[in-house]
Amino acid sequence: MREPLIPVVPMSHTAHIRSHRKPRRNASTLAMRAGVAGGVLSTLAVAGAAGSASAAEPVTQTLELPTLTADLATQVAQSADATQQAAANYELQAERDAAAANAAKQAKADLADAKKKAEAKKKAEAARKAAAEQAASRSAARTTLSASASASSSTTSTVSAPASGSVATVIAFLKAQVGDAYVMGGTGPNAWDCSGLVQAAFKQVGVDLPRVSQDQSTSGTPVSLSNVQVGDILYWGSAGSAYHVGVYIGNGQYLDAANPSKGVVIQNLSGYPATGAVRVL
């Protein structure tokens, strides 16, 4: 059997060189590319449909938002209430602490005040007791002096004991006031000025003297200092304008409410000589 004959086609002398021209697209290539393009378009269509479906989803989510927002508002409100309650608790605690501090401070002040009052009461009681003892001592001195003066006889000596019971009573009263305070305008019973003491002493025997030293210096009978007797009123300054008075008690001494620093004392006449004297008993 003969082999079929293959026709020989003459070739160009440049047939062996590859052409730079783009090869022509055959039908299969075009078909394949068309299929790819169709697939891409189908994908885009599916994606578009999915996108449209996704775009419709927020409608469902939007319906759920109010519920979520209400829950969040409730939580915020509860948190605000808790914060406000905590602040109120802190404020209440601060008020309680301040009240406790004030109460402690007041209690301390009350205790100090109570201690002061107790101390003052104790001092007042001691002073009252001392005054009572002093008054009793003065009363005993008055009684003793009065009894001694009544038992003694009269004498004409200018420096002897009182010449009468009335004078003895005056002297006893004056000596009972020794140690009392001097107070300007004082008339007793525990504080005196000079004329207040003299007036009170002579009132014990019914002699009503003027209140001030100026008038007392002209009461009774004037006597010289060389003839002064126990119970005579001594004065300093001129008669009618005397600035101080006292009572002579014998032995060159007198008793007076001297001044605020000395009070009622017995002094020597030589240390502070009087200007004159008057006798009312």
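In S7, glutamine 253 has asparagine 268 as its bridge partner. This pairing belongs to the antiparallel ladder of S6 and S7, which extends over six bridges. The model is a predicted one. Its chain has 281 residues, of which 23% count as buried, and it contains four helices and eight strands.

**Strands S6 and S7**

- Besides the pair formed by glutamine 253 and asparagine 268, asparagine 259 stands opposite glycine 263 in S7.
- The connection from S6 to S7 is a hairpin through three residues.
- Five of the seven residues of S6 are buried, so S6 is largely enclosed by the rest of the structure.

**Strands S5 and S6**

- S5 and S6 run antiparallel and are joined by three bridges.
- Glycine 250 has its bridge partner in S6, namely glutamine 253; glutamine 253 is also the residue whose partner in S7 is asparagine 268.
- A hairpin with two residues between the strands is formed by S5 and S6.
- Asparagine 251 lies in the loop between S5 and S6 and has a phi near 60°, a positive value in a residue other than glycine.
- Asparagine 251 counts as exposed because its relative accessibility is 65%, above the cut-off of 50%.

**The sheet as a whole**

- Six strands form an open sheet in the order S3-S8-S4-S5-S6-S7, and their pairing is antiparallel.
- The edges are taken by strand S3 (221-223) and strand S7 (263-268); each has a single partner strand, so one side of each is left without a neighbour in the sheet.
- Direction ignored, neighbouring strands of this sheet are turned by 35° against each other on average.
- At the S3 edge, S3 pairs with strand S8 (residues 276-279) in the antiparallel sense over three bridges.
- Within that pairing, threonine 221 has arginine 279 of S8 as its bridge partner.

**Helices on the sheet**

- H2 packs on the sheet and touches strand S5 (244-250) and strand S6 (253-259).
- The direction of H2 makes about 115° with that of S5.
- H3 also packs on the sheet, where it touches strand S4 (233-236), S5, S6 and S7.
- The direction of H3 makes about 50° with that of S5.
- H3 is mostly covered, with nine of its 10 residues buried; among them are Cys194, Gly196, Val198 and Gln199.

**Packing of H2 against H3**

- Helix H2 (residues 165-176) and helix H3 (residues 194-203) pack with their axes 8 Å apart, at an angle of about 135°.
- H2 is therefore oblique to H3, and the crossing of the two helices is right-handed.
- H2 contributes Val170, Phe173 and Leu174 to the contact, while H3 contributes Leu197, Ala200, Ala201 and Phe202.
- Classified by type, the contact of H2 with H3 has seven nonpolar residues, no polar residues and no charged residues.
- The H3 residues of this contact, Leu197, Ala200, Ala201 and Phe202, are also listed among the buried residues of the helix.
- An α-helix has 3.6 residues a turn, so residues three or four places apart point the same way.

**The loop after H3**

- Glutamine 204 is found in the loop between H3 and helix H4 (213-216).
- Its relative accessible area of 43% makes glutamine 204 partly exposed.
- Glutamine 204 and valine 170 are 34 residues apart in sequence, yet their C-alpha atoms are 6.6 Å apart in space.
- Residues up to four places away in sequence not being counted, glutamine 204 touches Thr169 and Phe173; Phe173 also takes part in the contact of H2 with H3.

**A cis peptide bond**

- The peptide bond from glycine 188 to proline 189 is cis, with omega near 5°.
- Proline 189 lies in the loop between strand S1 (181-182) and strand S2 (191-192).

**Chain-level organisation**

- From the N terminus on, the elements run α-α-β-β-α-α-β-β-β-β-β-β.
- Of the contacts in the chain between residues at least 6 apart in sequence, 55% join residues at least 24 apart.

Conventions
Residues are numbered from 1 along each chain as its sequence is written. This is a predicted model: local features need pLDDT of at least 70, side-chain atom pairs count only at pLDDT 80 or more; totals for chains, interfaces and linings use all residues. Side-chain values use heavy atoms; hydrogens and water are left out. Axes are lines fitted to C-alpha atoms, for helices over the stretch in contact, and angles run from 0 to 180 degrees between N-to-C directions. Angles under 35 degrees count as roughly parallel, over 145 as roughly antiparallel, 65 to 115 as roughly perpendicular and the rest as oblique. A crossing is left-handed if the near helix is turned anticlockwise from the far one by less than a right angle, and right-handed if clockwise. Contact means heavy atoms within 4.5 Å. Ala, Val, Leu, Ile, Met, Phe, Trp, Tyr, Cys and Pro count as nonpolar, Asp, Glu, Lys and Arg as charged, and the others, Gly among them, as polar. Two strands pair if DSSP finds at least two bridges between them. Buried means under 20% relative accessible area, exposed over 50%, partly exposed in between (1.4 Å probe, protein chains only).
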